[in-house]
Amino acid sequence: MSPPQPCEEVQPLVLRVNLGDIVKVHFYNRLNRRLSIHVQGLSYDVETSDGTSTGFNPDSTTNGEIVYTWYADTEGVFLFHDMADARSSEEATNIHGLFGAVIVEPPEYSVFFHDELEILDKDGNPPMDHRTGLPSSTTAISYRSEPMRNRMPLTHDPADSGEDISMSSWVYGDPAPPILRAYVGDPSKIRLIHGGVKETHVFHLHNHQWRLEPENPVSTIIDSITISPQECYSLDILFGAGSKNGVIGDVIFHCHLYPHFHEGMWTLWRIHDRLEDGSGTLPDGTPVPPLQPPCGVLDVEGNPTECPSRLEQANFVEHAAPGALYTETCPCHTMNAGGSCEPCETETEEGETCCGDPSCPDCDLPGDCIELCMTNLLPEFLEENAFQLRTRTDIVGHHVHLVKFDTITSDGAANGWNNIAGARKYETLVERFFADEELRTVFFHDHLFANAHQLHGMFGALIIEEAGATFHDIRNDEELPVREITCITPAALPGMWNPECGESSG
């Protein structure tokens, strides 16, 4: 017989209860080993509902049936798992997914991170990385994974890793892990659960933020959080699905530890702006067109490399501008703060070649509308050495954390059915961001070749200080001049829009 195939509906068990409920779980064990359910964080009688065989307490594991009673006296998310076998090996139960969660509150999203899956190919061997020829691990979200090895490059060039388009649904279809869905503006909470026992992860959600301390209105705003085994967090998304600027499209979330990202730990939050009644198709009902760059990428002479189709234009927001076509990124009263970056190759003191720091430090006051023009001056290949395979990196993106932007055109990536937001050699990527909060240091990096470029220093920071802040020389404390913030109104580009709350110019 054929080996068993995965069932699309199988996901970690989530029990949803109301605050104050008494929860009775009738647990039936049909395996030939003792099992249990041990919940973390809820109240229960340790002698009858601990799910362990500990000390002089009665054994509350079972090889048959048992009833556990829990008291939902605290709002939040609470992990449960087997404690009859607490080991982390492949002979134990955790690595095979015997965990779940209790959520005390109304329905919302539940996202499980966990340890590497035990994966074998049809011949019973570990999967192999097609570039290195070495065994490849598999990390997952809610029992599902979309590793890069499953999204083979479109060419047979050994230098082509295919990383730049590996998350694009235009090329490979949607990823296997569950895709979250919402309408723009929906109130949203993500219950983040780490069901594993070994690995630490970093959950990162694009375009959206939450407060580190949900009940503290002045707590630090974050879009990434480290989560260790057995931890749970409730992420109360500020302004709901789409965030403050009403983002629509495919918003990626993933583990920001790049080996885990590479091994499949990513999926999408799909945010709609119109009624989906089940009769539509992705993305617009027509056959999937070739992958194309977005309007907003300029060639060497400053002309758009690709102008929008009529269908794309019909869905633009009223004040569309380069880098903000489907979302009103910047309120019309905000002023523009232009910036430019030129990622390029530099020489170290030892004469070795490495990628330079493209940070182009800039300090922007909260409320600034930032139009960033990034010109790609990088070589098209990372050359081979003792630590690096020869890798084609002929396109570069600029992905920034925490600020507001149009995820379809200014994410610096190629996620889901979004455009590929990147610049090839000598092209300029135009992106638009809104700095609406005092965010201090904001991380940015290339998201198209994240695994390759960041190892060579391809990252930097944007500094957003409080309104009225002054800046001083670290050596003599002299105040540095602050540039005058003016609304940037460059000559309109053919087929583009005036960034000053834009009239169409052609």
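**Sheets, a disulfide and two unusual loop residues**

Q230 sits in the loop that connects β13 (224–227) with β14 (232–236); helices (H or I, at least four residues) and strands (E, at least two) are DSSP runs, numbered from the N terminus. The model is a predicted one, so local features need pLDDT of at least 70 and side-chain atom pairs count only at pLDDT 80 or more, while totals for chains, interfaces and linings use all residues. Residue numbers start from 1 along each chain as its sequence is written, and side-chain values use heavy atoms, with hydrogens and water left out.

Back to that loop: Q230 is not a glycine, yet its phi is positive, at about 75 degrees. Most residues other than glycine have a negative phi. Y426 does much the same kind of thing, with a positive phi of about 70 degrees although it is not a glycine either. Its place is the loop between β28 (423–424) and β29 (428–435).

The strand just ahead of Q230's loop, β13, belongs to an open sheet of five strands, ordered β8-β16-β15-β10-β13 and mixed in its pairing. Two strands count as paired if DSSP finds at least two bridges between them. At the edges are β8 (180–183) and β13, each of which pairs on one side only. From one strand to the next, the twist averages 20 degrees, where axes are lines fitted to C-alpha atoms (for helices over the stretch in contact) and angles run from 0 to 180 degrees between N-to-C directions. What does β13 pair with, and in which sense? Its partner is β10 (residues 201–205), antiparallel, over four bridges. Within that pairing, V202 has T226 of β13 as its bridge partner.

On the other side of Y426's loop, β29 pairs with β22 (residues 368–375) in the antiparallel sense, over eight bridges. T375 is bridged to T428 in β29. Strand β22 is largely enclosed by the rest of the structure, because seven of its eight residues are buried. Buried here means under 20% relative accessible area, exposed means over 50%, and partly exposed is in between (1.4 Å probe, protein chains only). C373 is partly exposed, at 24% relative accessible area. C232 also counts as partly exposed, at 22%.

With a disulfide taken as a pair of cysteine sulfur atoms within 2.5 Å, the count comes to one. Which cysteines does it join? The bond runs from C330 to C369, with an S to S distance of 2.0 Å. C330 lies in the loop between α3 and β18 (336–341) and C369 in strand β22, so the pair ties together parts that are 39 residues apart in sequence. The torsion about the S-S bond is about 80 degrees, which means that the disulfide is right-handed. Both ends are tucked away: C330 is buried at 13% relative accessible area, and C369 is buried at 1%.

Y426 turns up again at the surface, where V300, L377 and Y426 form a nonpolar patch with about 300 Å² of accessible area together. Patches are made of residues with over 30% relative accessible area and no salt bridge, with like charges joined within 9 Å and nonpolar side chains (Val, Leu, Ile, Met, Phe, Trp, Tyr) within 5 Å. A salt bridge is a side-chain nitrogen of Lys or Arg within 4 Å of a carboxyl oxygen of Asp or Glu. Accessible areas come from the Shrake-Rupley method with a 1.4 Å probe, and for residues only the protein chains shown count as cover. V300 is in the loop between β17 (297–298) and α3 (310–314) and is exposed, at 66% relative accessibility. Y426 is partly exposed, at 45%.
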